[in-house]
Amino acid sequence: MGSEEFTRHPDIQGLLFRGYANLYHAGYGFFRIVDRTACKSWLTGLLDSERISTAKDGPPELGTQRLNIAFAASGLEALLGAGWIPDSYEPPFVEGMVTAHRCRLLGDVEDNDPEHWRWGKEQDFDGLFMAFGNSGDEAEQLLADHLCSDNGVARVQTVYGHLNGHEKNGEREAFGFRDGISQPIIEGTSRYRDLPKEAALHGVPAGEMILGYPDGTGKLPRTPAVSAASDPRGWLKPHWEWPERRDLGMNGSYLVFRQLAQDTEGFWRYLNEAAAGGQETPLELAEKMVGRQKDGTSMEKYPKSDKENNNLFNFAKDDAQGKFCPIGSHIRRSNPRATGSKTEEASLKVTLRHRILRRGRVYEDAELGEVGLQFICFNASIARQFEFIQGSWCNNQFFDGLQREVDPIIGTVRKPGNGLDAVDRFTIPRDPYRRRLDGIPTFVTMKGGGYFFMPGMAALRCIATAP
Ligand code: HEM
């Protein structure tokens with residue numbers, strides 16, 4: 001398949017390849033299936049009328065709309081019935097985001113404990129319906145039109161998101177930083193084809209993000225399966241691993257959703273206090289924590305004007321000590337690129353096994369007086385990609401030789417107690433002495449979330465028609 005064809009693949013839901021930059025508003029409706037038969041007819045109707053957006057639809061024009069759908073494990077179990085084969089899915093997806101082990105791993109403890117979440121503590125949803133449009137009202141109307149009892153589903157939670165400042169100077173998250181810059185680039189797409197050779201730094205085999213293709217090991221990752229009896233109309237291909245079953249995973253991806261509230265006042269208040277009497281301004285400290293300048297420019301050697309090279313830096317080569325981009329900063333923890341520990345190539349190869357495709361949007365809830373990020377990412381393995389980044393990199397207090405510190409943006413800080421020291425520092429390497437910030441509060445708090453599977457279109461057909 002040519003790169004143009006792959007980028008416009010009719011079996012892959014559109015959100016995987018596009019962030020829908022022209023559609024500023026999104027509504028995310030978490031739903032329960034209350035009537036299986038009605039739900040299946042709704043899904044069939046959506047498919048027949050081509051309402052679910054696929055990669056084939058290309059970038060949306062202003063004034064259009066896009067819809068996408070994903071399911072929690074309980075949703076697939078309900079719709080597939082006897083065809084549901086839990087062992088063929090990744091364990092985190094089947095178990096859900098809220099388990100004691102997973103909460104420890106993700107840092108969903110203390111202020112982030114599901115006990116304090118606004119929604120999702122019980123993981124009481126079967127699916128996620130996503131509507132993208134030109135206004136919040138339009139997104140809400142789309143959710144209301146579809147998530148109704150006639151369609152056999154009931155909405156249990158709605159959250160909204162939008163693109164912020166996109167039309168002017170690039171997408172901004174709530175602390176004011178440019179976001180949406182560094183993404184993995186899927187091999188085989190036209191974007192990958194058009195990239196300069198150095199951008200191999202971000203190139204990942206399709207199977208790292210989309211199931212059904214070889215991943216970074218050169219092999220096919222395990223994909224969800226259904227029994228042959230669940231696909232009497234033959235929408236699916238035989239499963240590559242279990243030929244007697246059918247491949248439900250092909251062209252699908254696991255979707256992680258986390259609503260993350262951002263304490264913007266507390267963030268800048270802390271930075272103002274920390275900057276007093278020091279040599280950095282509050283903004284410079286914030287930039288060190290994020291690992292990029294506020295306008296998105298890299299902290300590395302590339303000059304501001306050089307937009308093309310804004311993401312081609314590589315720590316082993318350009319900044320092994322973290323003098324520009326601190327080792328503990330958010331972007332360095334969440335994508336260490338090539339670090340100095342092994343050969344550059346070997347180290348990059350490892351990092352590329354832990355990339356995620358981010359599709360989040362900011363939110364502002366006037367009623368709650370809250371702003372933050374509707375964090376969404378895609379990956380072929382929640383455990384190896386999203387959970388590894390959050391748990392083993394961002395929440396690792398010993399990350400790359402550091403001690404008693406976590407990601408200053410998304411890490412879960414630990415207060416001292418029970419004979420244990422606090423984990424709440426941030427180190428800024430510099431000559432002749434490093435600067436250390438202490439007592440960093442939690443700036444980002446979990447409000448709800450879940451794990452989903454976003455199927456390909458043939459798989460959706462099978463889900464909609466499984467007996
Ligand atoms: C409210 C929470 C968050 C904020 C404010 C935030 C902010 C940012 C900013 C400003 C950037 C740099 C711009 C860019 O490259 O797009 C960035 C990059 C990134 N973030 Fe976050 N982020 C948040 C949550 C998360 C979470 C939960 C994860 C995953 C566990 C994550 C993973 C990443 C990754 C992988 C990058 C790209 C790093 C690179 O390749 O250079 N972020 N984030």
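Where does the ligand lie with respect to domain 1 (3–180 + 212–257 + 452–465) and domain 2 (259–448)? In this predicted model, residues of both domains contribute to the shell around the ligand, which therefore lies between domain 1 and domain 2. The shell comprises 26 residues, and the closest to the ligand are Phe177, Ile181, Ser182, Ser334 and Asn335. Two or more residues each are given to the shell by β9 (253–262), α12 (330–334), β12 (370–379) and α14 (383–394). Of the elements, α14 contributes the most, with four residues. By class, the shell around the ligand contains 15 nonpolar, eight polar and three charged residues.

The protein is divided into the two domains named above, domain 1 being made of three segments, 3–180, 212–257 and 452–465, and domain 2 of residues 259–448. Their C-alpha centres are separated by 27 Å. Contacts across the boundary involve 42 residues of domain 1 and 40 residues of domain 2. On the side of domain 1 that touches domain 2, at least two residues come from each of β1, α4, α5 (100–106), β4 and β9. That side of domain 1 consists of 22 nonpolar, twelve polar and eight charged residues.

As a whole, the protein contains 15 helices and 15 strands. The C-alpha trace extends over about 70 × 50 × 50 Å along its principal axes. The radius of gyration is 22 Å; a compact globule of 467 residues would have a value near 23 Å, so the two agree. Buried residues account for 50% of the 467 residues. Among contacts with a separation of 6 or more, 68% join residues 24 or more positions apart.

Two helices illustrate how burial is distributed. In helix α6 (residues 136–146), the buried residues are Ala139, Leu142, Leu143 and His146. Viewed down the axis of α6, these residues fall within an arc of 95° and therefore line one face of the helix. Asp137 and Asp145, on the other side of α6, are exposed. The cover over the buried residues of α6 includes the strands β1 (25–33), β2 (66–71), β3 (127–133) and β4 (153–162). Two of these strands, β1 and β4, also supply residues to the side of domain 1 that touches domain 2.

Helix α15 (residues 457–465) is mostly covered, with seven of its nine residues buried. These are Met457, Ala458, Ala459, Leu460, Arg461, Cys462 and Ile463. The packing partners of the buried residues of α15 are α2 (36–48), α3 (73–80) and β7 (225–227).

The loop between α3 and α4 (91–95) contains glutamate 90. Is this residue, glutamate 90, buried or exposed? Glutamate 90 has 23 C-beta neighbours inside 10 Å and therefore counts as buried. Apart from neighbours within four places in sequence, the contacts of glutamate 90 are Tyr254, Ser381, Ile382 and Ala383. Tyr254 falls within the bounds of β9 (253–262), and Ala383 within those of α14 (383–394). Both elements, β9 and α14, give two or more residues to the shell around the ligand. Glutamate 90 also lies 8.4 Å from threonine 223, C-alpha to C-alpha, although the two are 133 residues apart in sequence.

Methods. Residues numbered from 1 in each chain as written. Predicted model: local features only at pLDDT ≥ 70, side-chain atom pairs only at ≥ 80, totals over all residues. Near = placed C-beta within 6 Å. Nonpolar A, V, L, I, M, F, W, Y, C, P; charged D, E, K, R; others polar. Domains from an automatic or database assignment. Rg over C-alpha atoms; globule rule 2.2 N^0.38 Å. Buried ≥ 20, exposed ≤ 12 C-beta atoms within 10 Å, placed from the backbone. Contact = placed C-beta atoms within 7 Å. Arc of directions from axis to C-beta.
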